[in-house]
Amino acid sequence: MKLFTFDYRHGNTITATAWGARRINDWISIGSRLLFSHEGHITGSPPDLNPKMSPSHRPDFRGGTRLDIAISSNLLVPTGNPLAGQRLAVEFIRPIYQNLTGTQLKTTWRFTLGWQYAFHL
């Protein structure tokens with residue numbers, strides 16, 4: 001049985017990141033980074049998606065280019081503490097350039113909060 005692919009493919013994607021951080025003391029560091037991404041539009045589509053019904057059905061209305069800047073901080077519990085090995089990471093990302101194809105929603109900001117625990121076996 002042949003699967004129906006309709007020659008559906010995501011566009012080529014290019015991403016790059018430049019990152020740097022500075023340790024303030026034994027338990028805190030701050031960092032920043034630039035994030036670049038470019039994504040080509042989708043090619044092909046199922047015949048039952050009518051592009052006249054919704055702009056989201058248009059495969060050529062996908063993709064675009066963006067450049068984001070981020071600031072971050074890591075809080076690490078130092079050794080000798082009962083909570084040693086635990087890390088709290090926060091990052092705030094804001095776009096400085098967006099050129100999206102078609103009717104897509106732009107990003108105003110993103111916030112990431114993460115908790116990690118490292119242990120030794």
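Strands here are DSSP runs of E with at least two residues, numbered from the N terminus. With that in hand, keep in mind that you're looking at a predicted model. Three things are worth a look: a glycine in a loop between two strands, a nonpolar patch on the surface, and a set of four salt bridges.

**The loop glycine**
- Gly102 sits in the loop that runs between strand 4 (86-100) and strand 5 (110-117).
- Its relative accessibility comes out at 38%, so Gly102 counts as partly exposed, given that the middle class lies between buried (under 20%) and exposed (over 50%).
- Although Gly102 and Asp60 are 42 residues apart along the chain, their C-alpha atoms are separated by just 7.4 Å.

**The nonpolar patch**
- On the surface there's a nonpolar patch with about 1400 Å² of accessible area together, built from Trp27, Ile71, Leu75, Leu88, Phe92, Trp109, Phe111, Leu113, Trp115, Tyr117, Phe119 and Leu121.
- Three strands each put in at least two residues: strand 3 (64-76), strand 4 and strand 5.
- Strand 5 gives the largest share, with four residues.
- Leu113, one of the patch members, lies in strand 5.
- Leu113 counts as exposed because its relative accessibility is 56%, and the cut-off for that class is over 50%.

**An exposed salt bridge**
- Arg23 pairs up with Asp26 in a salt bridge, and their closest N and O atoms are 3.1 Å apart.
- Both ends are out in the open: Arg23 counts as exposed at 58% relative accessibility, and Asp26 is exposed too, with a relative accessible area of 54%.

**A salt-bridge network around Asp68**
- Arg66 forms a salt bridge with Asp68, where the closest N and O atoms are 3.2 Å apart.
- Arg66 counts as buried because its relative accessibility is 15%, which falls within the buried class of under 20%.
- Asp68 is buried as well, with a relative accessible area of 2%.
- Asp68 also takes part in a salt bridge with Arg110, and here the closest N and O atoms are 2.9 Å apart.
- This second pair ties together distant parts of the chain, with Arg110 in strand 5 and Asp68 in strand 3, 42 residues apart.
- Arg110 counts as partly exposed, since its relative accessibility is 36%.
- Through shared partners, the salt bridges join Arg66, Asp68 and Arg110 into one network.

Note on methods
Residues numbered from 1 in each chain as written. Predicted model: local features only at pLDDT ≥ 70, side-chain atom pairs only at ≥ 80, totals over all residues. Heavy atoms only, no water. Buried < 20%, exposed > 50% of the residue type's maximum accessible area, 1.4 Å probe, protein only. Patch = residues over 30% accessible without salt bridge, like charges linked within 9 Å, V, L, I, M, F, W, Y side chains within 5 Å. Areas by Shrake-Rupley, 256 points an atom, 1.4 Å probe, with all protein chains shown as cover. Salt bridge = Lys/Arg side-chain N within 4 Å of Asp/Glu carboxyl O.
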